[in-house]
Amino acid sequence: MMHLIKFDNHNWRPVAFRLIILLLLLLVSSLAVEPWLYAAEDFAGKRQKMIERDIRDRGIRDPKVLNAMSRIGRERFVDRGLAGQAYEDHPLPIGEGQTISQPYVVALMTEALKLKPGDRVLEIGTGSGYQAAVLAEIVSEVYTIEIRKRLTEHAERLLSSLGYRNIKVKYGDGYFGWEEHGPYDAIIVTAAANHIPPSLIRQLKEGGRLIIPLGSTIYTQILTIVTKKKGDLDVMQLGTVAFVPMVGEAEKKR
Ligand code: SAH
């Protein structure tokens, strides 16, 4: 037995040691290369220009929204190959036929919700996780639901690696909301539907705001904001937008 242990020590320790060193080197280099790849381009400069040109100059004035969007690297929410386009004002593909919304629309929807720091917000359609990050920079609690598993897992990993501890991501059909954490001060639906899911209205606080692209799920929709007032809904239309359709239960009810 003793002999066997000695044999082990002499032959395997150096090999195991080298293997561990090699693994550590690989880990350190992969961690070091990632920020370096992103640092190579002037994303901060592009971001500031985008905030001025596409957001502030087009009428978004809420400093909470402008500051939140100035702090978030949108390039991290798209594929590496698309990072160069991250600060152009248009949607970008995020896989599975889905898109990350155009920065101006993200700003418009976020501002319309009139958020306060202590608010609890529900998002339907996590997608890349970018809108959830914008919300999380402003409010204390964000709950977000995504119906596509791969996107859910990707967004969850990314948001946690970026340090967002106030976002909870769930895989499921957002049509039914997330009752457990409600009622919400605000609800944002980032996929198009031809009606407002009734569960979402139920999970909205009195005085709460819900924003949704409402109308045809094939062409364009009207960005609609409703405020819950004494059981009734105060409705305001903000303009035309084009979102990907809400799938699942929303498609069955017409
Ligand atoms: N807010 C996202 C973009 C949304 S794209 C971002 O910042 O990147 C719309 C997303 O809604 C897609 O990812 C789509 O899979 C998701 N979706 C569609 N129907 C849904 C449903 N019923 N419940 C939850 N998510 C849904």
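The chain contains 8 helices and 9 strands in this predicted model. Computed along the principal axes in the computational sense, the box filled by the C-alpha atoms is roughly 85 × 45 × 35 Å. Of the 254 residues of the chain, 44% count as buried.Helix α4, which spans residues 103-112, is mostly covered, with 9 of its 10 residues buried. The buried residues of α4 are Pro-103, Tyr-104, Val-105, Val-106, Ala-107, Leu-108, Met-109, Thr-110 and Ala-112. In general, an α-helix has 3.6 residues a turn, so residues three or four places apart point the same way. After α4 comes Lys-114, which has a positive phi, near 45°.

A ligand is surrounded by 26 residues, of which Ser-128, Glu-146, Arg-148, Gly-174 and Val-247 come nearest. Polar atoms of the protein lie at short listed distances from the ligand in several places, as follows. In the side chain of Ser-128, an N or O atom is 2.6 Å from an oxygen atom of the ligand. Two backbone positions face nitrogen atoms of the ligand in the distances given here: a polar backbone atom of Val-247 is 2.8 Å from a ligand nitrogen, and a backbone N or O atom of Ile-147 lies 3.3 Å from a ligand nitrogen. Taken alone, the ligand exposes 580 Å², and the protein buries 100% of that area.

The largest cavity is the space taken by the ligand. Four elements give two or more residues to the shell around the ligand, namely β2 (98-100), β3 (120-124), α5 (130-138) and β4 (141-146). The most is given by β2, with 3 residues. By class, the shell around the ligand consists of 11 nonpolar, 11 polar and 4 charged residues.

Gly-172 is placed in the loop between β5 (167-171) and β6 (184-189). Gly-172 counts as buried because its relative accessibility is 17%, and the cut-off for buried is under 20%. Along the chain, Gly-172 and Asp-234 are 62 residues apart, and their C-alpha atoms are separated by 28 Å.

How values were computed. Residues are numbered from 1 along each chain as its sequence is written. This is a predicted model: local features need pLDDT of at least 70, side-chain atom pairs count only at pLDDT 80 or more; totals for chains, interfaces and linings use all residues. Side-chain values use heavy atoms; hydrogens and water are left out. A residue is near a molecule or strand if one of its heavy atoms lies within 4 Å of it. A polar contact is a pair of N or O atoms within 3.5 Å; within protein, one must be able to donate a hydrogen and the other to accept it, and residues adjacent in sequence count only if both atoms are side-chain atoms. Accessible areas come from the Shrake-Rupley method with a 1.4 Å probe; for residues, only the protein chains shown count as cover. On a 1 Å grid over the protein atoms alone, a cavity is a set of points where a 1.4 Å probe fits but cannot get out, and a pocket is an open set with protein on both sides within 12 Å along at least five of seven lines; lining residues have an atom within 4 Å of a point. A molecule sits in a cavity or pocket if more than half of its atoms lie within 2 Å of its grid points. Ala, Val, Leu, Ile, Met, Phe, Trp, Tyr, Cys and Pro count as nonpolar, Asp, Glu, Lys and Arg as charged, and the others, Gly among them, as polar. Buried means under 20% relative accessible area, exposed over 50%, partly exposed in between (1.4 Å probe, protein chains only).
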